[in-house]
Each structure stands twice: as C-alpha cells, then as structure tokens.
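This report introduces a structure to a reader who has not met it before. It considers charged side chains that pair with one another, and then some residues of the helices.

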Amino acid sequence: ARPEAEPGGAAEAPAPTRPRLFLFMFWLNEESREWPKAWEYFASQIYRPGDRVVLSDDSRAVEIRSLAEEKEKIDAFFARLGEDLKKKQLEKKRLVNELELSAGDFYDSLVAFQGSPHPPPENMMLERFKMSYLGALNEYRLERLKGDPAWLERLAAALKAVEAEKWALLFLQNERLPLLHRDARLLRDAPMKQETLAALKEFMDRSERQLKLAGDVTSYLRDLRPLFVGANATYHVFLCDAANETLPGEHLQWQPVFSSW
C-alpha cells in the first residue's frame, strides 16, 4: 500500500504536461469565412503556452513557438495568405469575364444573322465558341487545380521526427468554376436550330464531366491520411466554403470541381 503523506509535508508535484504540436495546413483557392473563425477559436480555447504551432500553405511552413510573443510572425503569414487569395481572385475574375464574353459573342452572332439570306453555318459558330470556352477552362484548370502531394509528404515526414502529441489539421477548399448553366440566355433565347441546340447541350454535358472530375479529391484525401497517421498525428480535414460571390452576366453559374487539391 502507498504510505500516506505526513501532515504538513510537501504536496506531490503534478505530472508534466506532454508537449503538443499543431500543424495547420491551409489549401485554399478563395476567401472563406470559416477558417478565420477556426483559428480564433484555437487561439482562445485550445492553445496553451508551450504548444508548438506550424502554419502552412501550399508552398511554405512557418513555426510558431508562442502566439503571444510571435504575433508579428503570425500576422505576416496570414497577410501573405490573404494577398495570394486576392491574386487568385483576380485570375478567377479574368476567367469569368473571358467565358462571359465568349458566350455573349456566340449569342450575338446567332441574333445578328437571324433572317439573313446567307448566314454562316451555325455549326461553325458553335465550334468557335466551344474552342474558346473549353480552351479557357482547361488552361485555368491546368494552372490552378493541381496540388503538390510531395509538399504534404515532406510535412508528414517532418512531423514524424517530433516527439509530442501531434495534430494535423487540413483546411481544404474545393475549387469552383463558372460554367454554363441550364437557364442561360444562350440556351433559353438564342435563335438556333434544334440540332445546334442539341449539340450545344451535349457539349455542355461532356465538358462538365471532364472539368468536374479533373481529379479525385476523395481518393487524394484518403491517400493523405496514412501519411499523418504514420507520423503518429491525429489528422482532420475541414471543408471550407468559399465566401458568397455573384457572377456577372447571364450565362454562367458556379459549380464545384473535384480537383487534386
């Protein structure tokens, strides 16, 4: 039996707290209202002095030893993340404008040649629109919808070498693309032959499948989990909706695209 402490004796020292490390991975394409709230909650309710925090985006990692003493370092990370998202937003606006202009030109051409005795073949106008529309989307997709698995593998390997209670928190935001929608003015009001309209709808179906399934985010995330579990880290994925954003014009709507991000 354990002997009782002598009256007035020294109190037993509490067991030392196990060190903790939190890896925040921000893989974002657009501004979001969710992840700032998550960070504020962590800072006020979860963090305790002595915890190590690593902030990461898709290309860099910053280690924080003290939220109170390294506030400038934290602010600089989030400021740069915000600037990167603003640049991405400008790229998205250029894409939206290009697609809207392409659909509008196709519509205007159909209207302009309505009733003309010698109109150009509608299939030629349709092919010109298809090349412009799909070309812009594919260029954007190839530039923006590719993650870097090797970067996350390096982060997981670095975590494995740390002796601590470890948490890997991935804030993921699926990309949205501005695609033609079923009630677009082009499909609803444009004066085109039935066979042209049928060909346009078939093109929309085929291109949407091609763009939306450009990569498989589900299998990608499933493949990531063993990396961090193997590093003895608790791994969570948080899906962040993009901030509300309206589309200009009459032809497009936001649609989610399952990318390798």
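Arg20, Arg48 and Asp51 are linked in a network of salt bridges. The model is a predicted one, and a search of the whole structure finds 14 salt bridges in it. Three individual pairs are listed below.

| Acidic residue | Basic residue | N to O distance |
|---|---|---|
| Glutamate 63 | Arginine 65 | 3.3 Å |
| Aspartate 205 | Arginine 182 | 2.6 Å |
| Glutamate 208 | Arginine 182 | 3.7 Å |

**Pairs involving arginine 182**

Arginine 182 forms a salt bridge with aspartate 205, with N and O 2.6 Å apart. Aspartate 205 belongs to helix α6, which spans residues 194-212, whereas arginine 182 sits in the loop between β5 (175-180) and α5 (185-188); the pair therefore ties together parts that are 23 residues apart in sequence. Both partners are partly exposed: the relative accessible area is 33% for aspartate 205 and 45% for arginine 182.

Arginine 182 also forms a salt bridge with glutamate 208, the closest N and O atoms being 3.7 Å apart. Glutamate 208 lies in helix α6 and arginine 182 in the loop between β5 and α5, so this pair ties together parts that are 26 residues apart in sequence. Glutamate 208 has a relative accessibility of 12% and counts as buried, because the limit for that class is under 20%.

**The pair of glutamate 63 and arginine 65**

The side chains of glutamate 63 and arginine 65 meet in a salt bridge at 3.3 Å, N to O. Glutamate 63 is partly exposed, and its relative accessible area is 28%.

**Residues of helices α6 and α3**

Threonine 196 is another residue of helix α6. Is threonine 196 buried or exposed? Its relative accessible area is 7%, and threonine 196 is thus buried. When neighbours within four places in sequence are left aside, threonine 196 is in contact with Glu122 and Leu126.

Helix α3, formed by residues 122-144, contains leucine 134. With a relative accessible area of 18%, leucine 134 is buried. Which residues does leucine 134 touch, not counting those up to four places away in sequence? They are Phe203, Ser207, Gln210 and Leu211. In addition, leucine 134 and leucine 99 are separated by 35 residues in sequence and by 9.0 Å in space, C-alpha to C-alpha.

Note on methods. Residues are numbered from 1 along each chain as its sequence is written. This is a predicted model: local features need pLDDT of at least 70, side-chain atom pairs count only at pLDDT 80 or more; totals for chains, interfaces and linings use all residues. Side-chain values use heavy atoms; hydrogens and water are left out. A salt bridge is a side-chain nitrogen of Lys or Arg within 4 Å of a carboxyl oxygen of Asp or Glu. Buried means under 20% relative accessible area, exposed over 50%, partly exposed in between (1.4 Å probe, protein chains only). Helices (H or I, at least four residues) and strands (E, at least two) are DSSP runs, numbered from the N terminus. Contact means heavy atoms within 4.5 Å.
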